Structure formats: C-alpha cells, structure tokens
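Here's a quick tour of a protein model, written for someone who is just getting started. Keep the picture open while you read, and find each part as it comes up.

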Amino acid sequence: MMSLIANETKKLTLRFSTWLYPLIILAIVLALSASYKSFIPDLDNVQLMLSINSISMFLVALFSIVIASAVVSSEFSYGTIKLLLIRPYQRWQILLSKYIVVLLYAVLLTLFVLIMSYVIGGIITSFGSLSQDISAINPTYSENGDVLNASQTALHALSSQLGYFLVQLIFSSSIAFMISSLLRSQALAVGIGLFLLFVNSIAGGITLMLVEQFQWFKYIFMAPLYYISMNANGLGMDVKGLSPGLALGVLAVYYVVFMALSFIFFQKRDVSV
C-alpha cells in the first residue's frame, strides 16, 4: 500500500500544475496584502489573514478540486489505467492510494498557504499578536444583532476557520474524486467538479435561506456545506434548525455515500480503453 501511495505522490509531483497552483495563490495573497496595506495602513498580518482567508482558501479548494477531479479520470484519458490494474494490488487499494494523495495535497496546500500568508502579511504590514481580540475588527452577528464572537482571540478565530474549512475541503474534494472515478473523460470530470463548486456558492445560499421555511432543506447537502463554508470564511450564521453539529452530521452521511459509490463503481467498472 505504501508503494502505491509513493507512486501516486511521485506522479503528482511530476505535474507542472502541482507546483503552479501554490505559486498562483501566493501571487494573489501578495497582491491582496499590498492592497489592504495601502487602504488600511495600521493593519497587522493577523488581521490581514482574517480578512483575506476567504479568498485564499477558496483558491485552495478550487485547485484541490481540479486535482481530485483528474486523478482517476486522467488514467483513462491517457490510457494508463491498465498499467495500474496489472499490478498485484486490489482495485480498492489503488483507488484508496489516489484518494489519500489527493487529501494530502489539499491539506499541505492549505497549511502552506496559511504559513506563507502569515509571513508575507507580516513582512508587508507587521506581525500582530494571535491573542488579540478580533471581535471589533471582524465581528459576527446573530439575528438579534448580538455579537457572537465577543472577546474571541485571533488564534481561536483562525483555528475555527481552519477547522471548518478542512471539513469543506475534504467534502468538496471527495465529491470531485467520486466524479473522477465515475467518468473516463478528464476534461468532463474537471468541468463538473468546478461547476459544482461555483453552483454551490449560489444554490447553497438559496437552499440555506429556505431551511427556516422548509426544515427538510437542511438535509440537502448544499445547505449544510454552504453553512460550513460561511463559518470557514469567518461569517458565522445563525440559522434556525441548523447547527454546526447537525451540518457536520449530514455531511458525514453524504460523505460515506459518495465514497461508497466511488469504490463500488470502480470495483465493478469495465476498464477497457
């Protein structure tokens, strides 16, 4: 199994896009940091991260979905799937190794971008304290207008955002991975994966608004996923009938279903190319 993971890691590192994506994100972080500095001179790097994380993390999710959408379908597009299956491994082991590498890339890309955002922000602005109260500069409100994050430290806010984002990232990447395992066309798999990412930002918001009117809407995965993404962006939402625990539970059920479909379909599919 470890040899399969090592082989998939090697294939991923040989792709030009694997190294291009973090460079694109860093360039955008650099541009945003300079822009924020020009408009808000006394901003520090911690406050800057809280302001631009929604953009940088969206890009991380975007590029992770591209990787996940292509990881299996590309084997069919390039005609290399048979070379994989003649090796002395079960199909589920081959698919699992690909999935592990996809998640490793997504998580490492997230951590890399966060660390570099902190460093770049500190160089361009100044290095702020992680224990500072951020409720005054980045408040979140309830329906009644109460501040939900009163006395919240920057470290707690960043940790909360990271936790919610990792849930969103793993779930979105898993959907893209499922699509990749179901389709032979790499272009089609990537296209559908990106389409779902952008559609969720619109349909998820609409579905979430309907939750208070129709409680069963909270069981459509777009609503809890959008709810989690809003929390990941530091925009805590007070939605009647939906809590972080319920949202995570609903997504967990969908996650199990999507992954089961991926492995069952890959086990049974015809791999003739």
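Before counting anything: helices here are DSSP runs of H or I with at least four residues, strands are E runs of at least two, and both are numbered from the N terminus. By that yardstick, this protein has 10 helices and 0 strands. Keep in mind that you're looking at a predicted model.

**The whole protein**

- Going along the sequence, you meet the pattern α-α-α-α-α-α-α-α-α-α.
- The protein has 273 residues, and 47% of them are buried.
- Take the contacts between residues at least 6 apart in sequence: 76% of those join residues at least 24 apart.

**Helix 1 against helix 6**

- Helix 1 covers residues 2-13 and helix 6 covers residues 91-124; their axes sit 9 Å apart and the angle between them is about 50°.
- Parallel or oblique, then? An angle under 35 degrees would count as roughly parallel, so helix 1 and helix 6 come out as oblique to each other.
- The crossing of helix 1 over helix 6 is right-handed.
- On the helix 1 side, the residues that meet helix 6 are Leu4, Ile5, Glu8, Thr9, Lys11 and Leu12. Their partners in helix 6 are Gln93, Ile94, Ser97, Lys98, Ile100, Val101 and Tyr105.
- Sorted by class, this contact of helix 1 with helix 6 has 7 nonpolar, 3 polar and 3 charged residues.

**A closer look at Ile94**

- Ile94 is part of helix 6, and with a relative accessible area of 0% it's buried.
- How far apart are Ile94 and Ile5? In sequence they're separated by 89 residues, yet in space their C-alpha atoms are 8.5 Å apart.
- If you skip neighbours within four places in sequence, Ile94 is in contact with Leu4, Leu84, Leu85 and Tyr89.

**Helix 2 against helix 6**

- Helix 2 spans residues 16-39, and its axis comes within 10 Å of the helix 6 axis, crossing at roughly 30°. That angle makes helix 2 roughly parallel to helix 6.
- Which hand does the crossing of helix 2 and helix 6 have? It's right-handed.
- Residues of helix 2 that meet helix 6 include Tyr21, Pro22, Ile25, Leu26, Val29 and Leu30. Among the helix 6 residues they face as a group are Tyr105, Leu109, Phe112, Val113 and Met116.
- By class, the contact of helix 2 with helix 6 has 14 nonpolar, 5 polar and 1 charged residues.

**Two serines in helix 7**

- Ser173 lies in helix 7, which runs over residues 154-182.
- Is Ser173 buried or exposed? Its relative accessibility is 1%, so Ser173 counts as buried.
- The Ser173 side chain reaches the backbone oxygen of Leu169 at 2.8 Å.
- Setting aside neighbours within four places in sequence, Ser173 is in contact with Ser64, Ala68 and Ala106.
- Ser180 is in helix 7 too, and at 0% relative accessibility Ser180 counts as buried.
- Which backbone oxygen does the side chain of Ser180 reach? The one on Ser69, at 2.9 Å.
- Not counting residues up to four places away in sequence, Ser180 touches Ala68, Ser69, Ala70, Val71, Val72, Ser73 and Ala189.

Notes
Residues numbered from 1 in each chain as written. Predicted model: local features only at pLDDT ≥ 70, side-chain atom pairs only at ≥ 80, totals over all residues. Heavy atoms only, no water. Buried < 20%, exposed > 50% of the residue type's maximum accessible area, 1.4 Å probe, protein only. Polar contact = N/O pair within 3.5 Å; in protein donor to acceptor, adjacent residues only side chain to side chain. Contact = heavy atoms within 4.5 Å. Axes fitted to C-alpha atoms, helices over the stretch in contact; angles between N-to-C directions. Parallel < 35°, antiparallel > 145°, perpendicular 65-115°, else oblique. Left-handed = near helix turned anticlockwise from the far one by under 90°. Nonpolar A, V, L, I, M, F, W, Y, C, P; charged D, E, K, R; others polar.
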